[in-house]
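Me: I would like to learn how to read a helix and its surroundings in a model. Could we begin with how far to trust the coordinates?

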Amino acid sequence: MPQHRPRLVAAQAGGGYMRSMRRPLSLGFALVLAACAPPGRQSFAPSPAGADTQTIAAADAFKNRVPLVSILPGTQDFAGPLSAAVAQALAIKPGAAFQVLAEAPGTGHPDQDAQALAALAPEAKAVADAIIADGVPAARVSLGAKTAGLNPVILVYVK
């Protein structure tokens, strides 16, 4: 019997030691948890960051349609960049259709607006012909004109 008592005493001594160690550990754990915020709404931004003003202005200017290419009137060397842009668009969407749009600022006078758009028509047709020359079927290329914007421009959209 004397052999069991030392073990019992050792177990009681160990239990007392462990109880005294539990207090600092549990106190430390509680302090660590108190320092951290629990996950929830306060952990994330209440609303995501919005787009910068230039991006919003560009989207508004094109009515949420961004052109593939915009060509200023009088540009002679548009064929190379246009061909590259068309090839990239076709690589993404092989059946893509293209809309070539002549755009001139509106003056409020229908006759002047019609003259401004008529002046852009030959250049818009040249752009459409260049797209067709790049291998896009003529049935998937359309021409149009409208009054909008601040400067005359030829826009190419992908549909």
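**Confidence, helix and core**

Reply: In this predicted model, residues 8–14 have a pLDDT (the predictor's confidence in each residue, from 0 to 100) under 50 and zero contacts (heavy atoms within 4.5 Å) beyond four places in sequence. Where pLDDT is low, the predicted coordinates should not be read in detail. The chain average is 78, and 60% of the residues reach at least 70.

Local features need pLDDT of at least 70 and side-chain atom pairs 80 or more, while totals for chains, interfaces and linings use all residues. Numbering runs from 1 along each chain as its sequence is written, and side-chain values use heavy atoms, without hydrogens and water.

Me: Which residues of H3 are buried?

Reply: An α-helix has 3.6 residues a turn, so residues three or four places apart point the same way. In H3, Leu-82, Ala-85, Val-86 and Ala-89 are buried (under 20% relative accessible area; exposed is over 50%, partly exposed in between, with a 1.4 Å probe and protein chains only). They line one face, because they fall within an arc of 100 degrees seen down the axis (directions from the helix axis to the C-beta atoms). The face turned away carries exposed Gln-88 and Ala-91.

Me: What do the buried residues of H3 pack against?

Reply: Their partners are strands S1 (69–71), S2 (98–104) and S4 (153–158), and helix H4 (110–133). Helices (H or I, at least four residues) and strands (E, at least two) are DSSP runs, numbered from the N terminus.

Me: What does Phe-98 touch?

Reply: Beyond four places in sequence, its contacts include Val-86 and Ala-89, as well as Ile-131 and Val-156.
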